[in-house]
Amino acid sequence: MENFQSVSINMPPSRNGAGSLATAFSPTITAFAQPQPVPSPQDFVLWSFFNTVFCNPFCLGFIALVFSVKARDKKIEKDLAAAGSYGRMAKHLNIAALCLGIVVTIVCIVLLFMYSSL
């Protein structure tokens, strides 16, 4: 999958002042152009694991973990398009799980303080 381009420059032999060819060899310059590395898609496994353990409303953290593992598997198989798709889905599920987890936590704390004073 890596494409390397080789460029060689060969200089013709030079002539000395008397008109005969010089005895020194001409230099050869070779340059290799390397392609830009393709960024690897993210899989968000650690974030998914955190959401599975701590913020798991409606099992969104667990589902995000499943998509993260699928993204990592596809990345190992060099299927970067599928890995990116699974990674984006895991990211969106992680965002939803974290937001819902924070909202539920805040609501529980507010309700706890409201009803503990009674």
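Let us start in the loop between α1 and α2, where you will find F58. Keep in mind as you look that this is a predicted model. F58 has a positive phi of about 55°, even though this residue is not a glycine. Why is that worth a pause? Most residues other than glycine have a negative phi. F58 is also exposed, with a relative accessible area of 69%; for comparison, the word "exposed" asks for over 50%.

F58 has a companion in this respect. In the loop between β2 (28–33) and α1 sits F44, and its phi is near 60°, again a positive value in a residue other than glycine.

Now step back and take in the whole chain. How many helices and strands does the protein chain have? There are three helices and two strands. If you walk from the N terminus on, you meet them in the order β-β-α-α-α.

With that order in mind, turn to helix α1, which covers residues 45–53. Its buried residues are V45, S48, N51 and T52. Around the axis they cover an arc of only 125°, which means that they sit on the same side of α1. What covers these buried residues? The cover includes α2 (60–76) and α3 (80–116).

Let us follow that last helix, α3. It has 37 residues, and at 1.5 Å a residue they should span 54 Å. The C-alpha atoms at its two ends are 53 Å apart, so the model agrees with the expected span. You can trace this for yourself in the structure, going from residue 80 to residue 116.

Which residues of α3 are buried? They are A82, A83, G84, G87, A90, L93, N94, A97 and G101. These buried residues pack against α1 and α2. So α3 helps to cover the buried residues of α1, while the buried residues of α3 in turn have α1 among their packing partners.

Finally, here are some totals for the protein chain. Of its 118 residues, 20% are buried, where "buried" stands for under 20% relative accessible area. The accessible surface comes to about 9,200 Å², and 68% of that belongs to carbon and sulfur atoms. There is also a way to ask how far along the sequence the contacts reach. Take the contacts between residues at least 6 apart in sequence: 56% of them join residues at least 24 apart.

Notes:
Residues numbered from 1 in each chain as written. Predicted model: local features only at pLDDT ≥ 70, side-chain atom pairs only at ≥ 80, totals over all residues. Heavy atoms only, no water. Buried < 20%, exposed > 50% of the residue type's maximum accessible area, 1.4 Å probe, protein only. Helix = DSSP H or I, 4+ residues; strand = E, 2+ residues; numbered from the N terminus. Arc of directions from axis to C-beta. Contact = heavy atoms within 4.5 Å. Expected span 1.5 Å × (residues − 1). Areas by Shrake-Rupley, 256 points an atom, 1.4 Å probe, with all protein chains shown as cover.
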